[in-house]
Amino acid sequence: MGKKMLFMLLLSLLLFAVGNAQTPLEEVLTDTTGPPVPTSPSNVYVEDKPDDDGHGVIVRWDLSPDDGAGMDNVLGYEVYRSDSPDGEYSYVGMAIKGSDEYEDQDDSPIKNGVPNPDFIETEKTYYYKVRSMAAGGIFSEHSEIASGQAIENWFHSGKIGILVGVLIFWSFVVYFIFKARGGKDFYVRPLAGINAVDDAIGRATEMGRPILFVLGTGTAGDIATIAGFTILSRVAKLTAEYQTKILVPVNEPVMMAVAQETVRTAYLEAGRPDIYKPELISYETAMQFPYVAAVNGIMLRERTATNFYMGVFHAESLILAETGNIAGSIQISGTDQISQLPFFIAATDYTLIGEELYAASAYLSKEPILVGTLKAQDWGKAILMLLLLIGAILISANLSFIRDMVTVNI
Amino acid sequence: MRKQIPIYFVFGSGIIMIVQYFIPSEESDWLFTYANDWVIVVGIFALALGIWSLLRSEFRKLKDPKERFYAAVLLFGFFIMIFTGLKAENLEAGSLMFDIFENVLIPIQATIFSLLAFYVASAAYRAFRARTVLATILLLTAFIIMARLLPLGPISEVNQYGVAWILAIPNMAAKRAITMGVGLGAIATCIKIILGIERTYLGHD
């Protein structure tokens with residue numbers, strides 16, 4: 001009897017304890033679901049990716065209630081795609097927690113010689129569904145199915161700012177060209193590097209030593225190289241008049257062909273086609289440092305009196321300029337490569353900084369039409385400075401419309 | 001006519017490429033790729049001209065006692081690389097051509113590149129001579145920037161602020177100003193070329 005009473009007392013205490021616990025014993029004993037399953041994302045929809053070539057869509061959704069709230073156990077979202085609503089859906093990618101969109105884009109129909117399953121066909125309907133993912137490989141149910149097509153776009157709306165800027169600048173150029181043709185005389189500030197060209201060629205003539213013209217290690221299509229051809233033309237014309245030898249070692253065959261034509265015509269215009277030799281413009285090598293070795297060798301063997309460096313330059317700029325300095329040459333440089341400008345400024349006698357290289361043709365020829373384009377550049381810079389000033393003031397006042405206006409979304 | 005056709009061609013292709021930039025369609029991409037492929041094709045044709053020019057020049061130098069040695073070395077290297085690289089398998093690791101490339105050409109290039117270290121010192125010495133007010137400012141600025149790598153105790157922290165200010169404010173302002181000028185200058189040059197105002201790249205004014 002005593003044992004029975006003791007058992008009943010213990011059972012009563014156990015039931016009392018269980019009854020006061022947070023989780024009812026029945027629930028603990030009957031819970032077989034494991035970790036909690038996150039809720040699915042909702043309102044899934046698919047839209048064309050704007051400003052593309054028609055091989056991309058954007059899948060958007062409303063975040064799962066358990067993403068950053070609720071159970072807060074969502075780690076990301078998995079996106080699935082199919083050709084038909086009832087077809088087999090294949091995994092295409094995932095977005096991390098807090099993301100409410102996924103960009104599905106692929107414009108390669110063939111990859112590694114086989115059809116690319118990720119390829120998005122233009123104007124074909126694709127079906128998507130999304131599910132939430134929690135730790136331990138726990139996934140929600142798939143969302144409802146959404147469909148959409150990739151559409152080819154014929155204008156890049158993110159580049160409107162560039163278009164407007166180019167049109168304004170183009171109209172300035174045309175306006176000042178017409179002004180120049182009408183006889184308007186524009187003032188341009190003198191550039192020491194340009195003014196020194198004649199003296200440098202004269203020095204070489206007096207010393208009876210050749211002139212070296214280096215067009216850099218860019219390609220014939222680079223704007224700086226094209227500006228270099230323009231200066232080469234003027235320099236070659238003067239060397240033809242003074243009968244001074246000019247050497248143009250190049251690192252690209254196309255550059256060699258253009259430089260030969262430029263120098264040949266300059267000699268023709270100077271009335272001295274008889275002293276033009278194609279070997280004055282020589283192809284050395286396409287490799288950067290072997291080219292440097294070749295040019296340095298020419299400087300030291302020929303003892304060039306004047307060296308011009310006009311074009312695109314990289315790490316070789318200082319090696320060339322210092323070798324020229326050792327050889328005792330007068331050196332005039334010009335490049336649009338900002339990282340190389342300090343080297344040229346430190347090691348050469350005169351440097352055309354950035355846009356001055358492009359402006360050199362107008363300075364050297366003094367043709368009103370070319371000088372007119374310099375005025376257009378000045379106006380362009382004035383507008384830029386004004387926009388910068390107004391934009392800085394407005395941003396300080398938390399007004400960002402100038403910044404938004406000039407932001408390019410590519 | 002010889003002068004006019006290239007100018008019309010440049011105008012047409014220039015306008016087409018400008019329009020192409022604003023069109024993101026597949027056809028536009030194809031046009032861009034096609035135009036760039038032509039650049040490669042022209043480059044390949046020009047390569048033959050380049051090699052011809054190089055060989056002609058170097059063979060001529062063989063007659064000059066002063067230039068003979070360099071020309072002989074160049075021609076030897078030129079023909080060795082051609083003959084060792086004639087077969088596709090000779091381009092693989094372990095082949096003679098690959099070994100020459102790895103063990104001769106690359107070390108020579110590295111040697112030329114290493115000259116830069118010495119030339120930086122000599123150019124910096126000349127640039128930093130405080131002969132004018134501007135050169136003195138340059139010297140002081142360079143000193144502050146270089147001093148950030150030195151352990152200067154409590155001064156280091158102050159110096160870091162100075163360096164950060166120099167790099168982020170005056171240095172960045174100058175770089176951006178040059179970049180904007182370069183951008184405008186490049187557009188102006190392109191417009192001049194497209195409109196046929198600038199034509200020295202064609203070999204005439």
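Begin by colouring chain A of this predicted model by its domains. Chain A is divided into three parts: domain 1 covers 42-149, domain 2 joins 157-183 with 370-406, and domain 3 covers 192-366. Next, display the C-alpha atoms of domain 1 and domain 3 of chain A; the centres of these two domains, taken over those atoms, are separated by 56 Å.

**Strands β2 and β5 of chain A**

Select residues 56-62 of chain A, which form strand β2, and then add strand β5(A). The two strands run antiparallel and are joined by 5 bridges. To examine one of these pairings, select Ile58(A), whose bridge partner in β5(A) is Glu103(A).

Keep strand β5 of chain A, residues 101-105, in view and show its side chains. Which residues belong to its covered face, and which to its uncovered one? Tyr102(A) and Asp104(A) make up the covered face, whereas Glu101(A), Glu103(A) and Gln105(A) make up the uncovered face. Glu103(A), the bridge partner of Ile58(A), is thus found on the uncovered face.

**Helices α4 and α5 of chain A**

Now select residues 192-207 of chain A, helix α4, together with residues 223-242, helix α5. Their axes lie 10 Å apart, and the helices pack at an angle of about 35 degrees. The crossing of α4(A) and α5(A) is right-handed.

Show the side chains where these helices meet. On α4(A), select Val197(A), Asp198(A), Ile201(A) and Thr205(A); on α5(A), they meet Val235(A), Leu238(A), Thr239(A) and Tyr242(A). Sorted by class, this contact has 5 nonpolar, 2 polar and 1 charged residues.

**Where chain A touches chain B**

Bring chain B into view. How many residues of each chain are in contact with the other? The contact involves 62 residues of chain A and 51 residues of chain B. On the side of chain A, helix α6, residues 253-269, provides the largest share, with 9 residues. That side of chain A divides into 35 nonpolar, 15 polar and 12 charged residues.

**A helix pair across the two chains**

For the last stop, select helix α10 of chain A, residues 355-365, and helix α6 of chain B, residues 154-194. These helices pack with their axes 8 Å apart, at an angle of about 35 degrees, and their crossing is left-handed. From α10(A), the contact is made by Glu355(A), Tyr358(A) and Ala359(A). From α6(B), select Gly181(B), Val182(B), Leu184(B), Gly185(B), Ala186(B), Ala188(B) and Thr189(B). The contact of α10(A) with α6(B) has 6 nonpolar, 3 polar and 1 charged residues.

Key:
Residues are numbered from 1 along each chain as its sequence is written. Chains are lettered from A and ligands numbered from 1 in the order in which they are written. This is a predicted model: local features need pLDDT of at least 70, side-chain atom pairs count only at pLDDT 80 or more; totals for chains, interfaces and linings use all residues. A residue is buried if 20 or more other C-beta atoms lie within 10 Å of its own, exposed if 12 or fewer, and partly exposed in between; C-beta atoms are placed from the backbone. Helices (H or I, at least four residues) and strands (E, at least two) are DSSP runs, numbered from the N terminus. Two strands pair if DSSP finds at least two bridges between them. Axes are lines fitted to C-alpha atoms, for helices over the stretch in contact, and angles run from 0 to 180 degrees between N-to-C directions. A crossing is left-handed if the near helix is turned anticlockwise from the far one by less than a right angle, and right-handed if clockwise. Two residues are in contact if their C-beta atoms, placed from the backbone, lie within 7 Å. Ala, Val, Leu, Ile, Met, Phe, Trp, Tyr, Cys and Pro count as nonpolar, Asp, Glu, Lys and Arg as charged, and the others, Gly among them, as polar. Domain bounds come from an automatic or database domain assignment.
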